[in-house]
Amino acid sequence: LSIMSLFPHTVTIFNKYERDNKVYYSRVVLSGVQFVIDEVNARKTTGSSKDDKVTCYIPKNVVVDKSYVDSFTFKNDETVNVDTTYTIAKEDLIGFGVIDLDGLSINEYRNSRGNLYEITAISDYQFGSNLDNKVVVAK
């Protein structure tokens, strides 16, 4: 069983950051991950609604064309070039596959096509080996 077959998916992450009190999103595509959707049918007083939760497993050898920096640096260091670096942080958005906004704003995209989830938790598993990975939960 090859490692690649465990991580067959591609995801797009939109890193949220602020410059001059404006919110921006920087896009990064990660290949060689595992993306799992847990469909949670939440019962609400208004009937049932889907309240999906997604879990994404990101191995150390993920294929990406940007360099990783920690989220504090990405969000606070204005010298960071968002075109060449990325991070994974709470409030970032994640979606399955290669997502192109086609000129839409994030909100327009979410309203028209949906399927962007907000990252709520990130766990870092460091084993000192190829098994090192991050587990991202979003909803």
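**Entry 1: Arg113**

I started with Arg113 and asked how open it is: at 43% relative accessibility, Arg113 counts as partly exposed. A note to self before going on: this is a predicted model, and my entries should be read with that in mind. Where does Arg113 sit? I found Arg113 in the loop between H3 and E9. Next I looked up which residues Arg113 touches, leaving out those up to four places away in sequence, and got Asp100, Asp102 and Leu104. I also checked a distance across this spot: the C-alpha atoms of Arg113 and Leu101 are separated by 9.7 Å, and the two residues are twelve apart along the chain.

**Entry 2: Asp102 and Asn21**

Asp102 had just come up as a residue that Arg113 touches, so to speak my next stop, and I looked at its backbone. Asp102 is not a glycine, yet its phi is positive, at about 50°. I reminded myself that most residues other than glycine have a negative phi. Asp102 lies in the loop between E8 and helix H3, which covers 106-112. Is Asp102 buried or exposed? I read a relative accessible area of 52%, so Asp102 is exposed, the cut-off being over 50%.

I then noted a second residue with a positive phi, Asn21, where the value is near 60° and the residue is again other than glycine. Asn21 is found in the loop between strand E1 (9-19) and E2. Its relative accessible area is 74%, so I wrote Asn21 down as exposed.

**Entry 3: the whole chain**

Time to step back. I counted three helices and ten strands in the protein. In what order do the elements run from the N terminus on? I wrote down α-β-β-β-β-β-β-α-β-β-α-β-β. Of the 139 residues in the protein, 37% are buried. For the surface I noted that the protein exposes about 8,400 Å², with carbon and sulfur atoms supplying 48% of that area. I also looked at contacts with a separation of 6 or more: residues 24 or more positions apart account for 50% of them.

**Entry 4: strand E10 and its neighbors**

I spent a good while on E10, residues 133-138. How many of its residues are buried? I found six of six, so to my notes E10 went in as mostly covered. Both faces of E10 are covered: I listed Asn133, Val135 and Val137 on one side, and Lys134, Val136 and Ala138 on the other.

Which strands pair with E10? One is E5, which runs antiparallel to E10 and is joined to it by six bridges. Within that pairing, Tyr57 has Val135 as its bridge partner, and Ile58 stands opposite Lys134. Another is E9, which pairs with E10 in the antiparallel sense, also over six bridges. Here the bridge partner of Asp124 is Lys134. I underlined Lys134, as it turns up opposite Ile58 and as partner of Asp124.

**Entry 5: following E5 and E9 outward**

E5 spans residues 53-59, and five of its seven residues are buried. I looked at its pairing with E2 (residues 22-38) and found an antiparallel arrangement over five bridges. In that pairing Phe35 has Cys56 in E5 as its bridge partner.

From E9 (residues 117-125) I followed the pairing to E8 (residues 93-96): antiparallel, over two bridges. Leu93 stands opposite Glu118 in E9.

**Entry 6: the largest pocket**

Last, I looked for open space, since rolling a probe the size of a water molecule over the atoms shows where empty space is left. The largest pocket holds about 160 Å³ of space. Which residues line the largest pocket? I listed Ile58, Pro59, Lys60, Val62, Tyr68, Tyr86, Ile88, Asp124, Gln126, Asp132, Asn133 and Lys134. E5 and E10 each supply at least two residues of this lining. Sorting the lining by type, I got six nonpolar, two polar and four charged residues.

I closed the page by going back to familiar names: Ile58, Asp124 and Lys134 are among the lining residues. In the strand pairings, Lys134 stands opposite Ile58 and is the bridge partner of Asp124.

Terms used. Residues are numbered from 1 along each chain as its sequence is written. This is a predicted model: local features need pLDDT of at least 70, side-chain atom pairs count only at pLDDT 80 or more; totals for chains, interfaces and linings use all residues. Side-chain values use heavy atoms; hydrogens and water are left out. Helices (H or I, at least four residues) and strands (E, at least two) are DSSP runs, numbered from the N terminus. Buried means under 20% relative accessible area, exposed over 50%, partly exposed in between (1.4 Å probe, protein chains only). Contact means heavy atoms within 4.5 Å. Accessible areas come from the Shrake-Rupley method with a 1.4 Å probe; for residues, only the protein chains shown count as cover. Two strands pair if DSSP finds at least two bridges between them. On a 1 Å grid over the protein atoms alone, a cavity is a set of points where a 1.4 Å probe fits but cannot get out, and a pocket is an open set with protein on both sides within 12 Å along at least five of seven lines; lining residues have an atom within 4 Å of a point. Grid points are joined across faces, edges and corners, and a volume is the space filled by probe spheres set on the points. Ala, Val, Leu, Ile, Met, Phe, Trp, Tyr, Cys and Pro count as nonpolar, Asp, Glu, Lys and Arg as charged, and the others, Gly among them, as polar.
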